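Thanks for making time. I have one structure to go through, and I will keep to what can be computed from it.

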Amino acid sequence: MQIEFSPGSHWLIRPSVSVIPVGDGVFDFFQSSTRRSVRFRLSSEIASVIRGLDGRQCLEDICEVHNASVPQISHLMEALHERCAVEPRAVRDAIDAAEHYRVLNFLGDYFPAAELFAAFERLRSTRIAIVGCGAVGSWTAVQLAHSGFENFTLIDGDHVEESNLNRSIFLHEDIGAPKVEAIASALHRISHRVQVRRVREHVHDANGIRALLSEARPDVIVNCADEPSVDLTSEWINDYSQHQGVPYVIAGGYNLHLSLIGMTVSPGVSACFNCSRITLDELEDKSLQGVRRLWRPKRNLGSLAPLTGITSSLATSEVLRLAVRSERLRPAMWNRRGEFNFLTNELSFVNLPPRSECGCTSDGKETDKEQRSLI
Ligand SMILES: [Zn+2]
């Protein structure tokens, strides 16, 4: 969207921003939702103009009332726009009229008005493939649909069983239905615009997953498959990702009383799954060995919906960060993974840097140039 800073344009302070005088002519533009702020020293005339920014009067008229300089205020508006503190009235009206206005308001704390709708369009049109549609996969799909994603490929050969109900989106009425069908039905109830490719197949090996993903042509992959093991499915997806340049999120596991928050991999930019294995093999910390047991084949262990929810929520956030493809909102799980401890409510992280032995990044380190490309 083209943004006009001309004197005839109408501007207002964004809803999440408070303008707080802190003395000596300095004003704090505090974004309460992100706790970020920016300070400007303003003349009393310019300060009066800022207080008058309600979107109803144009800049020129407000300046005239307060005897302020038009070029000076235009310059300030550009700086405040870049920091997501102000927005044009036309953009506010477009946000308020949009179906996903809450999501747009949220993203507007990171994207200036000029970039906001383009960022949301990138998100909306991102093709998502979810491999494994159990508890984490089902919650991730639902959260993505709530966030405005519309294009899904769901890959899973299982049917809903009664034992799934304690931690997934599935209901009693879904028992016996293919999981991909039950999720597709839930997504269509969230949005009529959602398109879902249902792939009712089990994933057995690297070739199988490559064939399925080649057909789906996703922009982002979410690995929620824990059979035969998260270790193996991550290895297979990593192989496809590195060859095709497609980023993915490992949604992790949730058995035991620890939720594993997997890493996010952007080929050529961040550490890949093989890099993480090199580092994990070197670490001999006892608690980490405990985490690695999560990757063994299925055992009949306890599970709890909140732990599934934490893993899927963080995976969804990562998918959103990948989808907007911008330096303004970068993935938080590049080169690390996390672990949520149910007993203490603590979230801890392990750094998993790119490894030169792996060769997946140019020199085993991130570079600014590569990071700019994102996906
Ligand atoms: Zn690697």
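Let me begin with the contacts across the whole chain. This is a predicted model. Among contacts between residues at least 6 apart in sequence, 65% join residues at least 24 apart. The secondary structure comes to 14 helices and 15 strands. Along the principal axes, the C-alpha atoms fill a box of roughly 75 × 45 × 40 Å. The chain has 375 residues, and buried residues make up 51% of them.

Next, the metal site. Which residues are the protein donors of the zinc ion? They are Cys272, Cys275, Cys358 and Cys360, each through its SG atom, lying 2.2 to 2.3 Å from the zinc ion. Along the chain, these donors follow the spacing C-x2-C-x82-C-x1-C. The angles among the four donor atoms run from 96 to 124°, and the site is tetrahedral. For reference, the ideal angle for four tetrahedral donors is 109.5 degrees. Cys272 and Cys275 are both buried.

Now a helix pair. Helix α11 covers residues 273-282, and its axis comes within 9 Å of the axis of helix α10, residues 230-244. The two axes cross at roughly 135°, which means that α10 is oblique to α11. On the α10 side, the contact is made by Asp231, Ser234, Glu235 and Asn238. On the α11 side, Phe273, Asn274 and Arg277 take part. Sorted by class, the contact of α10 with α11 has one nonpolar, three polar and three charged residues.

After α11 there is a loop leading to α12, residues 286-292, and Leu283 lies in that loop. Leu283 has a relative accessible area of 34%, so it is partly exposed. The C-alpha atom of Leu283 is separated by 11 Å from that of Leu352. Along the chain, those two leucines are 69 residues apart.

On to the backbone. Most residues other than glycine have a negative phi, and most peptide bonds are trans. I have three places to list against that background.

The peptide bond from Glu227 to Pro228 is cis, with omega near 0°. Pro228 has its place in the loop between β10, residues 220-223, and α10.

Arg217 is not a glycine, and its phi is positive, near 45°. Arg217 lies in the loop between α9, residues 206-216, and β10. Is Arg217 buried or exposed? Its relative accessibility is 52%, so Arg217 counts as exposed.

Asn335 is not a glycine either, and its phi is positive at about 60°. Asn335 is found in the loop between α13, residues 305-324, and β14, residues 336-341. Because its relative accessibility is 10%, Asn335 counts as buried.

Last, one acidic residue. Asp28 lies in strand β3, which spans residues 26-31. With 8% relative accessibility, Asp28 counts as buried, the cut-off being under 20%. What is Asp28 in contact with, leaving aside its neighbours within four places in sequence? On the earlier side of the sequence, Asp28 is in contact with Ser18, Val19, Ile20 and Val22. On the later side, its contacts are Ser37, Val38 and Arg39.

That is the end of my list.

Definitions and conventions
Residues are numbered from 1 along each chain as its sequence is written. This is a predicted model: local features need pLDDT of at least 70, side-chain atom pairs count only at pLDDT 80 or more; totals for chains, interfaces and linings use all residues. Side-chain values use heavy atoms; hydrogens and water are left out. Helices (H or I, at least four residues) and strands (E, at least two) are DSSP runs, numbered from the N terminus. Buried means under 20% relative accessible area, exposed over 50%, partly exposed in between (1.4 Å probe, protein chains only). Contact means heavy atoms within 4.5 Å. Donors are N, O and S atoms within 2.8 Å of the metal (3.2 Å for Na, K and Ca); water is not among the atoms, so sites may look incomplete. Four donors count as tetrahedral if all angles lie between 85 and 135 degrees; four count as square planar and six as octahedral if opposite donors are over 155 degrees apart and all others between 65 and 115; anything else is irregular. Axes are lines fitted to C-alpha atoms, for helices over the stretch in contact, and angles run from 0 to 180 degrees between N-to-C directions. Angles under 35 degrees count as roughly parallel, over 145 as roughly antiparallel, 65 to 115 as roughly perpendicular and the rest as oblique. Ala, Val, Leu, Ile, Met, Phe, Trp, Tyr, Cys and Pro count as nonpolar, Asp, Glu, Lys and Arg as charged, and the others, Gly among them, as polar.
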